[in-house]
Amino acid sequence: MTYTAKLAELGITLPKAAAPVASYVPVVVHGGFAHVSGQLPFVDGQVVKGRLGDDVGVAEGQAAARACGLMIIAQLEAAGLLDQVERIVKLGAFINCTGDFTDQPEVANGASDLMEQVFGDAGKHARAAVGVPALPRGAAVEVDAVIALKA
């Protein structure tokens, strides 16, 4: 089964791949890997904003991380790479949070769980989940990815 078919089976509709907001490209392929730039959480065309530990709860943060994961997959699709995915190698999750917030791993699970749901065992990956004081456009979460492609 292709990943495109798997998304359909799961009832997942991808958002439109977001255009870069600065001087970078969404996906760079080099050495058999796709490096996907940090993706913000778009829900209904709007960035999910806020700070974990302040005005955003863990469940909302997980949903935002999942939205970032959906945008990563949308970027792969837009680049014609979705069905070439061999393995999700690593995700980097950046969580906009207060200094005393320590549930970054639970928030990042929103993106991680999506990758396993869509890609199965190939979606299991290494990960960093880091708290930061601010993100672009006031986003609650940002996630980037390194993905191995089939030869």
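So, the lining of the second largest pocket: by class, that's eight nonpolar residues, one polar and three charged. Keep in mind that we're looking at a predicted model here. The volume of this second largest pocket comes out at about 170 Å³.

Who's in the wall? On the nonpolar side you've got, among them, Pro15, Ala18, Phe42, Val43, Leu70 and Met71. The charged ones are Lys16, Asp44 and Arg66, and Gly45 is in the lining too. Which element gives the most to that lining? It's α2, with five residues. Helix α2 covers 58-78, and β3, at 42-43, also supplies at least two residues.

Okay, over to the largest pocket. Its volume is about 240 Å³. Sixteen is the count to remember there: 16 residues line the largest pocket, and the ones nearest its centre are Ala19, Val21, Tyr24, Gly38 and Leu40. Split by class, you get ten nonpolar, four polar and two charged residues around the largest pocket. And where does the largest share of that lining come from? From strand β2, residues 33-39, which puts in three residues.

That β2 strand takes us to the sheet. It's an open sheet of five strands, the pairing is mixed, and the order goes β1-β2-β7-β5-β6. Why do β1 and β6 each have one side without a neighbour in the sheet? Because β1 (27-30) and β6 (126-132) sit at the edges, and each has a single partner strand. From one strand to the next, the twist averages 15°.

Let me zoom in on the β1 end for a second. β1 pairs with β2 in the antiparallel sense, over four bridges. If you want a spot to click on, try Val28, which stands opposite His35 in β2.

Further along the sheet there's a helix to look at. That's α3, residues 104-119, and it lies across β5 (85-96), β6 and β7 (141-149). Relative to β5, helix α3 runs at about 160°.

Last bit, the annotation. UniProt, in an unreviewed entry, puts a domain called "Endoribonuclease L-PSP/chorismate mutase-like" at residues 6-138. Over that stretch, 6-138, the chain is 32% helix and 26% strand, and the C-alpha atoms at its two ends are 32 Å apart.

So if you're opening this up after the meeting, I'd go pocket by pocket: β2 for the largest share of the lining in the largest one, then α2 for the second largest. That's me done.

Terms used:
Residues are numbered from 1 along each chain as its sequence is written. This is a predicted model: local features need pLDDT of at least 70, side-chain atom pairs count only at pLDDT 80 or more; totals for chains, interfaces and linings use all residues. Side-chain values use heavy atoms; hydrogens and water are left out. UniProt positions are given in the numbering used here, feature names are shortened, and annotations may be inferred rather than shown by experiment. On a 1 Å grid over the protein atoms alone, a cavity is a set of points where a 1.4 Å probe fits but cannot get out, and a pocket is an open set with protein on both sides within 12 Å along at least five of seven lines; lining residues have an atom within 4 Å of a point. Grid points are joined across faces, edges and corners, and a volume is the space filled by probe spheres set on the points. Two strands pair if DSSP finds at least two bridges between them. Axes are lines fitted to C-alpha atoms, for helices over the stretch in contact, and angles run from 0 to 180 degrees between N-to-C directions. Contact means heavy atoms within 4.5 Å.
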